[in-house]
Every structure is written in C-alpha cells, then in structure tokens.
Amino acid sequence: MSNGHVLPTRTRCDRTPAWAQLQAHFEGAGRGFDLRGAFAAEPDRFERLSQQAPHVFADLSKNLWDEDTEAMLLRMAAATGLEQHRAAMFGGQPINATEGRAVLHTLLRRPAGLALPGDESSIAGQLAQVHDTLNRMLAYADAVRADDGITDIVNIGIGGSDLGPHMAVKALEEHRAPGKRLHFVSNVDGHELHTVLKSLEARSTLFLIASKTFTTAETMTNARSALAWFAEQGGQDVARHFAALTTNIEGAGALGITTTFGFWDWVGGRYSLWSAIGLPIAIAIGSGGFRELLAGAHAMDEHFRTAPLARNLPVRLGLLDVWYRNFHGFTSRCIAPYHAALGRLPAYLQQLEMESNGKRVALDGTPLSLATSPVLWGEPGTNGQHAFFQMLHQGTDVVPLEIIAVRQATHPLPGHNDKLLANALAQAQALMLGQHSEGGHRHFPGNRPSTFLLLDSLTPGSLGALIALQEHRVFVSGSVWGINSFDQWGVELGKVLAKNIEERLASGDVQALDGSTAGLLARVRAR
Ligand code: F6P
C-alpha cells in the first residue's frame, strides 16, 4: 500500500544537533539532577509536567528532567522527522520497510463516518473494509452472547493473538457478560490445553483459533488437539464450535474451519486486538463495549496525531524513555498497575515494547551505536511492594517505575480503594524523597523516578486510550532511534531450530550439534 509515495526521510536521533546538546546537558545538569531540589525551586513543576490526555491523566513531574531537558528532546524529535513519520503511519505508507507493509492499526479504531484528512484519503477503501468486517464480527459476538448453549469460549493463540485479548478481557472483567467463561490457551505445553479441556463439554464450547498467519506452531498444535478432542467428545458441528481469526482464510480452511473473521497484513500481531483478534473481548463485553474500546483508542490517536509535540502525551513519554535509556543508561522500566484487573498489562506491554523496539540495527541494516528497548517487567501493586520494590528503593540500579492507578473502584468493598491508592501515591513519594538514616541499611537514597498514570475508572473507553497511549509512545522512541518498530525477525531463528531439534528428539540424531545441545538432547530422550 505505498500509494506511490516516497517514505519521508528520517534522521537518526544521534545525528541531530540536539543530541550533542542533550549530551552536554546530561553531563552538566542532567546526571546530578535532584528531584527534591527541583520541586523546591519550581513551584509550578507539577502543573508544567503533568497533563490530561483523553481518559488518562499523567504526572511526569517525578522524573529526572526539567523544562530545558524536555525542550531539547522535543527539538531532537522534530529534527528526526518524527511528525512526518507519524503522518506516514496514519496515511498508510509502508513504514514497515523490511516487510513492505503499511502500519494501520489506527484505522481499525477510526469511526466509519469520519472523513479522512486529505493526505489519508487513499486509505478510504481499507476503512470501508474495516467496518464491514467489524460489523460482522460484532454481530457474531452478540449472537454468541445471546446463545445460552455456549458457556465456554476458548481462545487459542499466542503472542499478539493472546496477550492483548487476554489482558483486555481480564481488565474488563466487571463488564463481562454473566454466564460466559473465557479461557486463554497459548503455550504449546499440553498442560495448559489439557487443564482447560478437563473442565469443558464439547456441546457448550466455542474455540476461537486466533493466528494472523495461521502457521504458528504452538497455535496449530493446540488447534489440532482441540479439534481432535471435540471429535472424541462426539462433537460434529465444527462450523458452530470453531471460528478462525486470521489473515489466512485458506489455512483455516485446510484445518476444516469455515467460520472465519479476517484482517489484513497491515495489522501487526502485537497491534491486533482492535481487529478480529479482539473477538474474545467483544464476546466478553458486547458490541457496545467493544465500540467504546475503539472510541477510547481513537481519542488517543487523535491526540497523538494533532496535539503539539510539547503537549502530546505519547511524545512526552516516548522522549522520556529515550532520555532514560540513552543518557541515564537505565536498562529497564518497571510497570506497576494499581488495579488487580490490569494484572496482565505488564506481560502485554513486554511484547509491545520489546518486540517492537528490541532492535540492534538501523533502517538500513547497519548496527546502531545507541541503546534501544529497555527491559519491561512488573506486577500489580501492592503485591510488587512485598516482592521486588526493595530493589527499587535500595538496589544499586535505578529503575524508573510506571504506576497505573484507577481513581474509582468497581467493587463494593469498603476501605480497600483508599488503601490501594494511598500505597500507589506513597511508593512514588518514597522513591522520590527517600529517607536519611545513618548506618546504611535503613537509608533510602531517594531521587528515584516514577511516572504516574491515572484513569478515572477502568472502562472499555479508558482501557482503549491507555493501550493506544502505550502503542504510540513505543512508536515515538522507535521512530527517533531510527529503527523499524514493526518487524520481529528476532523470533525466527528459534522457531527454525526448534523444528530441527524436534526431528532429532524423535530420531536421536545428534550429528553436527554443538556439545551442550547434543548432551541435553540425549538426556531429555533418556526420560
Ligand atoms: O513469534 C512472534 C509472533 O510472530 C508475534 O509477532 C505474533 O504476535 C505471534 O508470533 C503470533 O503470530 P500469529 O498470530 O501469526 O499466530
């Protein structure tokens, strides 16, 4: 979908004049920046470094930067061609250059009636297809919800065909239709599928086989086992009990699955929960809820597309990520959702960030001389506080913390929410302020950075906006780093080797294998 356009030129961030200025700034005020001093010197620091974006309020003030840092980062971003690159994505240019594909997940949440800006008019045809498919999928979701004969829905998929739907269904548990249980099977480890199947009856189960390519080994293995189980249980109506969510309708047909919902190669796997891959979400929360999810994401898209860079939350977050990774040298970011329903968010964000930006070469394939994706990790607060927060407060590494809190609870239990929110606020405060104590062990150095994202309530709309915010901040850092955030060649080698080793496991052939793999293979076979 190149539309005959030439992709805009991108200048790598480390080749812009602002990069050298940032380096000098880091060596000067940056390295020794003290948050406590900054708050004392800047009475309006919170106002200047916080903002309300669609559905998400963000406090960026407890981070190791100031107005000058941000201004330099913004100049650097502009000089890389970030705005032109963003326009190229929204306009359907093939910015995923190594696969020759457009990157149009934003189109999946664009309302049908909304005119496309002039430079995006060439993708009107795709928008019409998106809405045809969406309407069909949502009608199916509502029919499943109304069908008392189906009590269990099993999503079989992995990576982007699991993490997004799984995270969102859990997040929106309070909005889920009663009488439907949703299960997610991703791992090729048979324990997972077996455990789920044990609790099911074929006549009341719907399997959703979710795979963009319909070739992924784990998903194909699980799908075949589910089909075999269904037949063993006396199930006959595959069209009623299996649906495929895929760009490869032919592949689904080859497995005998004829109920299908398609999407397009311009939807990346980790950006696909807005497409047919979102069917389990739509079944859980209904067509109205799914449309709200899309609307929340669209509101964030519009913010990202139109807000000036200096007041553009995905831009500010993405640039903060670059500041931390490339100047402070922080290697990871900890995600702490202060809402149990967001328990799968860290896992989802790991794929989003690390599969997108875990790259070591520039667009032209040459090795980069700068660091890219940090490691993302985390667990819901308050649990994390009783596990790894010790290291955040007193460890030798500084790990920026990202807190995601929700103002209003949806449960009726008194007292819990204030305690939860108090902990979220207190952790950010403690990290920043620290506490002096002689003797070392009880000393908290403080000056440890955190970002605080706050939703009013956890709804389909706010979740949509939160996810789109994260997608776009990953775009921003990947864009200024000058990498392709939309391919994932790094997952291929292991897949190929696993095939070869699977054959060797059967035959026992260890010829030409390295010593360790040969030794382990022999040991595994001796089981
Ligand atoms: O192995 C990585 C990957 O290709 C991801 O990018 C993707 O989300 C996942 O596998 C699943 O792929 P598919 O949806 O084609 O089964």
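Guide: Rings of Phe, Tyr and Trp (its six-membered ring) pair if their centres lie within 6.5 Å; planes under 30 degrees apart count as stacked, over 60 as edge-to-face and the rest as tilted. The model is predicted, and residues are numbered from 1 along each chain as its sequence is written. Local features need pLDDT of at least 70, side-chain atom pairs need pLDDT 80 or more, totals for chains, interfaces and linings use all residues, and side-chain values use heavy atoms, without hydrogens and water.

Visitor: By this rule, to how many aromatic pairs does the count come?
Guide: The rule given above is applied to the model. The count of aromatic pairs comes to 16.

Visitor: What is the angle between the planes of Tyr-324 and Phe-330?
Guide: Tyr-324 and Phe-330 are both buried (under 20% relative accessible area; exposed is over 50%, partly exposed in between; 1.4 Å probe, protein chains only). Their ring centres are 5.2 Å apart. The pair is classed as tilted, with planes at 50°.

Visitor: What is the distance, centre to centre, in the aromatic pair of Phe-388 and Phe-389?
Guide: Phe-388 has a relative accessible area of 17%, so it counts as buried. Phe-389, at 1% relative accessibility, is buried as well. Their rings form a tilted pair with 40° between the planes, and the distance from centre to centre is 5.6 Å.

Visitor: Which residues form one aromatic cluster together with Phe-90?
Guide: The cluster joins residues from separate parts of the numbering, starting with Phe-90. Its other members are Tyr-271, Phe-304, Phe-475 and Phe-486.

Visitor: How many residues of strand β6 are buried?
Guide: Strand β6 covers residues 242-246 (strands are DSSP E runs of at least two residues, helices H or I runs of at least four, numbered from the N terminus). Phe-242, Ala-244 and Thr-246 point one way from β6, whereas Ala-243 and Leu-245 point the other way. In a regular strand the side chains alternate between the two faces of the sheet. Residues on both sides of β6 are buried, and the strand is largely enclosed by the rest of the structure because the count of buried residues is 5 of the 5.

Visitor: Which residue of β6 is the bridge partner of Ala-210?
Guide: Strand β5, residues 205-210, runs parallel to β6 and pairs with it over 4 bridges (DSSP must find at least two). Within this pairing, the partner of Ala-210 in β6 is Leu-245.

Visitor: Which residue in β7 stands opposite Thr-246?
Guide: Strand β7 consists of residues 260-262 and runs parallel to β6, with 3 bridges joining the two. Opposite Thr-246 in β7 stands Gly-262.

Visitor: Which residues come nearest to the ligand?
Guide: There are 14 residues around the ligand (a heavy atom within 4 Å). Those that come nearest are Gly-160, Ser-161, Ser-211, Thr-213 and Thr-216.

Visitor: How much of the area that the ligand exposes when taken alone does the protein bury?
Guide: Oxygen atoms of the ligand lie 2.5 Å from an N or O atom in the side chain of Thr-216 and 2.7 Å from a polar backbone atom of Lys-212 (a polar contact is a pair of N or O atoms within 3.5 Å). A polar side-chain atom of Glu-355 lies 2.8 Å from a ligand oxygen. Taken alone, the ligand exposes 390 Å² (Shrake-Rupley method, 1.4 Å probe). The protein buries 88% of that.

Visitor: What is the omega of the peptide bond that joins Gly-381 and Thr-382?
Guide: Thr-382 lies in the loop between β9 (375-378) and α15 (389-394). Most residues other than glycine have a negative phi, and most peptide bonds are trans. The bond from Gly-381 to Thr-382 is cis, with an omega of about 15°.

Visitor: Is His-55 buried or partly exposed, and what is its relative accessible area?
Guide: His-55 sits in the loop between β1 (50-53) and β2 (56-59). Its phi is positive, about 65°, although His-55 is not a glycine. His-55 is partly exposed, because its relative accessible area is 37%.

Visitor: What is the relative accessibility of Ala-512?
Guide: Ala-512 is located in the loop between α18 (492-507) and α19 (515-525). Its phi is near 65°, a positive value in a residue other than glycine. Ala-512 counts as exposed, because its relative accessibility is 84%.

Visitor: What separation do the C-alpha atoms of Ala-24 and Ser-287 have?
Guide: Ala-24 belongs to helix α1, residues 17-30. With a relative accessible area of 51%, Ala-24 is exposed. Ala-24 and Ser-287 are 263 residues apart along the chain, and their C-alpha atoms are separated by 53 Å.

Conventions: Polar contact = N/O pair within 3.5 Å; in protein donor to acceptor, adjacent residues only side chain to side chain.
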